[in-house]
Amino acid sequence: LMTLGPHSRVEIMNYLNKDKEVNQLKLTYGKVRTLFKDKKEPPQKLPEKGKSDNRQSRLIIKTPSAVAGVRGTDFYLAYNPNKELTEQATLTGKVEVENTVTGEKVVVEPGNQVEVSDVKPQVAEKIRQDLKQGKSLEEVRAENNIRPIAPQPIAQGVKEEIRQTSAIARRDLNFVSPEAVAILGKPQTWKLPP
């Protein structure tokens, strides 16, 4: 289930079929709140790379600066091309967020958010080469003024963006779980943006 904020664009990259076990979406710009749950019991963690966990399918949402991989979770993802910034916030479950240039990954727990800034294409290629040649992630970050992906409590401004994105679904029981209400407040306060 998904709600989109105004002025948002999401592309379906591929959908689950016999040959692929991963659903992929691309958030070109805008805001989206997504509930991704199968009817089966959700696993406690993402499967290890290269190992399959057939209990449920997996969803990956890409932005120009980050990739969010989720299973059995309720989360928010936004990309602002003017600020060149991806914001991700987790309401339930866990979300693995990866910087598409540095490869840095973090798991974002419920009640937390992360931000990932874009890197200019020419700088991104230099960073990739530096990492291939053995430079540490810390060295590359320092040389290119890249902030680490650091989970922190969801900011009030981001909570308001999630409320606005969720307003159209505030009567849908799937979107008003006790965990979501504990973070966002009562659904009656969720209002569409002006």
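This is a dialogue about how to read some features of a predicted model.

Me: Where should I begin, and how many helices and strands does the secondary structure of the chain come to?

Reply: A count of elements is a plain way in, and here, in a model that is predicted, the chain has four helices and eleven strands. Of its 194 residues, 42% count as buried, and among the contacts between residues at least 6 apart in sequence, 56% join residues at least 24 apart.

Me: How do I read the packing of two helices, and at what angle do helix 1 and helix 2 pack?

Reply: One can take the angle and the distance between the axes together, and for helix 1 (residues 121-132) and helix 2 these are about 150° and 10 Å. An angle over 145 degrees counts as roughly antiparallel, and helix 1 and helix 2 are therefore roughly antiparallel to each other. The crossing in which helix 1 passes helix 2 is right-handed.

Me: Which residues in helix 1 meet helix 2?

Reply: From helix 1 come V123, K126, I127, D130 and L131, and these meet L137, V140, E143 and N144 in helix 2. Sorted by kind, the residues of this contact divide into five nonpolar, one polar and three charged.

Me: Could we follow one residue of that contact, and what is N144 in contact with, leaving aside its neighbours within four places in sequence?

Reply: N144 has its place in helix 2, which spans residues 137-144, and with those neighbours left aside it is in contact with V123, K126 and I127. Within helix 2, a polar atom of the side chain of N144 lies 2.9 Å from the backbone oxygen of V140.

Me: What does the sign of phi tell me, and which phi does N145 have?

Reply: Most residues other than glycine have a negative phi. N145, although not a glycine, has a positive phi of about 55°, and this residue lies in the loop between helix 2 and strand 11 (152-153). With a relative accessibility of 73%, N145 counts as exposed. E84, likewise not a glycine, has a positive phi of about 55°, and its place is in the loop between strand 6 (73-80) and strand 7 (85-92). The relative accessible area of E84 is 32%, so this residue is partly exposed.

Me: How do I read a loop residue such as T63, and is it buried or exposed?

Reply: The relative accessible area answers that, and buried means under 20%; T63 has 7% and is therefore buried. T63 sits in the loop between strand 4 (58-62) and strand 5 (66-70), and, not counting residues up to four places away in sequence, it touches L27, L77, Y79 and T86.

Me: How can I compare separation in sequence with separation in space, and how many residues apart in sequence are N174 and L1?

Reply: The two separations can be read side by side for a chosen pair, and N174 and L1 are 173 residues apart in sequence, while their C-alpha atoms are 8.3 Å apart in space. N174 lies in the loop between helix 3 and helix 4 (178-184), counts as partly exposed at 44% relative accessibility, and touches L1 and L35 when residues up to four places away in sequence are not counted.

Me: Where is Q156 found, and how far apart in space are Q156 and L184?

Reply: Q156 is found in helix 3, which covers residues 156-166, and it is exposed, with a relative accessible area of 54%. From C-alpha to C-alpha, Q156 and L184 are 9.2 Å apart in space, and in sequence they are 28 residues apart.

How values were computed
Residues numbered from 1 in each chain as written. Predicted model: local features only at pLDDT ≥ 70, side-chain atom pairs only at ≥ 80, totals over all residues. Heavy atoms only, no water. Polar contact = N/O pair within 3.5 Å; in protein donor to acceptor, adjacent residues only side chain to side chain. Contact = heavy atoms within 4.5 Å. Axes fitted to C-alpha atoms, helices over the stretch in contact; angles between N-to-C directions. Parallel < 35°, antiparallel > 145°, perpendicular 65-115°, else oblique. Left-handed = near helix turned anticlockwise from the far one by under 90°. Nonpolar A, V, L, I, M, F, W, Y, C, P; charged D, E, K, R; others polar. Buried < 20%, exposed > 50% of the residue type's maximum accessible area, 1.4 Å probe, protein only.
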